[in-house]
Amino acid sequence: MAALTFAEDKPAHIASPEQYTLLLENDSVLVLKMVLQPGEADAQHHHQDETVYFLKGGHLTITEGDQTLNISVPDGHTMWHEAWTHQVTNTGNSEVIAIIVEARR
């Protein structure tokens with residue numbers, strides 16, 4: 001695994017400890033809890049291949065490089081995404097809570 005050299009290469013819980021809590025880390029997975037309050041944004045960060053379960057969904061803006069995506073995520077939504085670097089902003093009026101399970105390589 002390459003050394004982390006840029007801020008955007010940091011895992012979410014290192015780049016944004018105010019929004020991400022480390023729940024479990026071992027040789028197989030990294031499990032995080034993300035909490036974003038209305039109007040709050042995390043710092044740009046990197047995830048390995050991940051499965052995300054939204055306990056509480058909401059309106060989010062996700063920025064990946066020069067692309068921006070505005071989405072509305074329902075409570076209970078589950079998604080999978082391959083490894084990526086991005087930044088998330090809660091653009092809604094309610095707290096967003098997600099559990100993130102990242103595969104370890």
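Strands are DSSP runs of E, at least two residues long, numbered from the N terminus. By that rule His86 belongs to strand β8. The model used in these exercises is predicted.

**Exercise 1. Confidence**

Find the average pLDDT of the protein chain, and find where pLDDT stays under 50.

Solution.
Step 1. Take the chain as a whole. Its average pLDDT is 92. A score of at least 70 is reached by 92% of the residues.
Step 2. Look for the weak stretch. Residues 1-7 stay under 50. For this stretch the model has 5 contacts beyond four places in sequence.
Step 3. Draw the lesson. Predicted coordinates should not be read in detail where pLDDT is low.

**Exercise 2. The cavity**

Describe the largest cavity: how much space lies in it, and which residues line it?

Solution.
Step 1. Count. The structure has 1 cavity of 30 Å³ or more.
Step 2. Give the volume. The largest cavity holds about 140 Å³ of space.
Step 3. Go to the lining. There are 16 lining residues, and Met34, Val52, Phe54, His86 and Val88 are the closest to the centre.
Step 4. Sort the lining by type. It has 12 nonpolar residues, 3 polar and 1 charged.
Step 5. Name the strands. At least two lining residues come from each of β3 (45-47), β4 (50-56), β5 (58-64), β8 (84-90) and β9 (96-103).

**Exercise 3. His86 and Gly65**

Decide whether His86 and Gly65 are buried or exposed. Then give their separation in sequence and in space.

Solution.
Step 1. Recall the cut-offs. Buried means under 20% relative accessible area, and exposed means over 50%.
Step 2. Test His86. Its relative accessible area is 3%, so His86 is buried.
Step 3. Test Gly65. Its relative accessibility is 69%, so Gly65 is exposed. Gly65 sits in the loop between β5 and β6 (67-73).
Step 4. Compare sequence with space. The two residues are 21 places apart along the chain. Their C-alpha atoms are 7.1 Å apart.
Step 5. List the contacts of His86 beyond four places in sequence. They are Ala43, Gln44, His45, His47, Glu50, Ile62, Thr63 and Glu64.

**Exercise 4. The nonpolar core**

Which residues of the largest nonpolar core touch the most other members, and which element gives the most to this core?

Solution.
Step 1. Start from the members. The core has 16 residues, and Tyr20, Leu32, Met34, Phe54, Leu60 and Ile100 touch the most other members.
Step 2. Assign elements. Two or more core residues come from each of β2 (29-36), β4, β5, β8 and β9. β2 gives the most, with 4 residues.
Step 3. Check one member, Leu60. Leu60 is in strand β5. Leu60 is buried, because its relative accessible area is 2%.
Step 4. Look at its partners beyond four places in sequence. Leu60 touches 
Phe54, Val73 and Val88, among others.
Step 5. Check Phe54 from its own side. Beyond four places in sequence, its contacts include Leu60, Val73 and Ile97.
Step 6. Set this in context. Nonpolar side chains tend to be buried together in soluble globular proteins.

**Exercise 5. Two more residues**

Classify Ile97 and Glu25 by accessibility, and say what each touches beyond four places in sequence.

Solution.
Step 1. Place Ile97. It lies in strand β9. With 12% relative accessibility, Ile97 is buried.
Step 2. List its contacts. Ile97 touches Lys33, Met34, Val35, Tyr53, Phe54, Leu55 and Lys56.
Step 3. Add a distance. Ile97 and Asp66 are 31 residues apart along the chain, and their C-alpha atoms are 25 Å apart.
Step 4. Place Glu25. It lies in strand β1 (residues 20-25). With a relative accessible area of 42%, Glu25 is partly exposed.
Step 5. List its contacts. Glu25 touches Leu30 and Arg104.
Step 6. Add a distance here too. Glu25 and Glu102 are 77 residues apart in sequence, with 9.5 Å between their C-alpha atoms.

How values were computed:
Residues are numbered from 1 along each chain as its sequence is written. This is a predicted model: local features need pLDDT of at least 70, side-chain atom pairs count only at pLDDT 80 or more; totals for chains, interfaces and linings use all residues. Side-chain values use heavy atoms; hydrogens and water are left out. On a 1 Å grid over the protein atoms alone, a cavity is a set of points where a 1.4 Å probe fits but cannot get out, and a pocket is an open set with protein on both sides within 12 Å along at least five of seven lines; lining residues have an atom within 4 Å of a point. Grid points are joined across faces, edges and corners, and a volume is the space filled by probe spheres set on the points. Ala, Val, Leu, Ile, Met, Phe, Trp, Tyr, Cys and Pro count as nonpolar, Asp, Glu, Lys and Arg as charged, and the others, Gly among them, as polar. A nonpolar core is a set of buried Ala, Val, Leu, Ile, Met, Phe, Trp, Tyr and Cys residues joined through side-chain atoms within 4.5 Å. Buried means under 20% relative accessible area, exposed over 50%, partly exposed in between (1.4 Å probe, protein chains only). Contact means heavy atoms within 4.5 Å. pLDDT is the predictor's confidence in each residue, from 0 to 100.
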